[in-house]
Amino acid sequence: MNGDEQLLRGRVYGRDHDDPGPLPGRTYAALTGGPLDGLLLDITGWAAREVEDGAALFTELGRFPGGRSLYVPRAGEPRAPAPGVVCRFHHSGDAP
């Protein structure tokens, strides 16, 4: 793991670098693989269908700078309905 990857671990996607960590009472998906590996995505308030659809996240780090990295949950992977990290979204590709 290089220095840039270490800086991303445990941070929340879209949060300010001055206050990057997860907040109590929020629900997160851990991003695995791809350019956003190690980040958490705040999914508090997402409906079950939205979680199943995954996310297309803006990033300068993917195959298409300024494009999106696509992350989806794996079918059958266990989820725990509680605050904190409740599921994982896996990198499935990049889009312009």
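This briefing walks through the sheet, the salt bridges and the aromatic pair of the structure above. Keep in mind that the model is predicted. At its heart for our purposes is an open sheet of five strands with mixed pairing. On the side-chain front, there are three salt bridges and one aromatic pair.

**The sheet**

- Reading across the open sheet, the strands come in the order β2-β1-β5-β4-β3.
- The edge positions go to β2 and β3 (55–59), and each has a single partner strand, so one side of each has no neighbour in the sheet.
- On average, neighbouring strands here are turned by 40° against each other, if you ignore direction.
- As a reminder, strands in a sheet pair through backbone hydrogen bonds, and they can do so parallel or antiparallel.
- β1 and β5 run parallel and are joined by six bridges. If you want a spot to look at, A29 has C87 in β5 as its bridge partner.
- β4 and β5 run antiparallel, with five bridges between them. Here Y71 has its bridge partner, H91, in β5.
- β3 and β4 are also paired in the antiparallel sense, over five bridges. One example to click on is F58, whose bridge partner in β4 is R68.

**Salt bridges**

- In general, oppositely charged side chains can pair when their charged atoms come close.
- D42 and R26 make a salt bridge, with 3.0 Å between the closest N and O atoms. D42 sits in strand β2 (residues 40–42) and R26 in the loop between α1 (3–8) and β1 (27–32), so this pair ties together parts that are 16 residues apart in sequence.
- Both ends of that bridge are partly exposed: D42 has a relative accessible area of 25%, and R26 has 32%.
- D53 and R49 form another salt bridge, and their closest N and O atoms are 3.7 Å apart. That falls inside the 4 Å cut-off for a salt bridge.
- This one stays within a helix: D53 and R49 are four residues apart in α2 (residues 48–53), which means about one helical turn separates them.
- D53 is partly exposed at 46% relative accessibility, while R49 is exposed, with a relative accessible area of 60%.
- E77 and R88 form a salt bridge too, with the closest N and O atoms 2.8 Å apart. The pair links distant parts of the chain, 11 residues apart: E77 is in the loop between β4 (67–72) and β5 (84–95), and R88 is in strand β5.
- Is E77 buried or exposed? E77 is buried, with a relative accessible area of 15%, because the cut-off for buried is under 20%. Its partner R88 is partly exposed, at 40%.

**The aromatic pair**

- Searching the whole structure turns up one aromatic pair. It consists of W46 and F89, whose ring centres are 6.2 Å apart.
- Why does the pair count as tilted? The ring planes stand at 45°, and planes under 30 degrees apart would count as stacked, over 60 as edge-to-face, so this one is tilted.
- W46 lies in the loop between β2 and α2 and F89 in strand β5, so the pair links distant parts of the chain, 43 residues apart.
- The two rings' residues sit in contrasting surroundings: W46 is partly exposed at 30% relative accessibility, whereas F89 is buried at 0%.

Note on methods. Residues numbered from 1 in each chain as written. Predicted model: local features only at pLDDT ≥ 70, side-chain atom pairs only at ≥ 80, totals over all residues. Heavy atoms only, no water. Helix = DSSP H or I, 4+ residues; strand = E, 2+ residues; numbered from the N terminus. Buried < 20%, exposed > 50% of the residue type's maximum accessible area, 1.4 Å probe, protein only. Phe/Tyr/Trp six-rings, centres within 6.5 Å; stacked < 30°, edge-to-face > 60°. Pairing = 2+ DSSP bridges. Axes fitted to C-alpha atoms, helices over the stretch in contact; angles between N-to-C directions.
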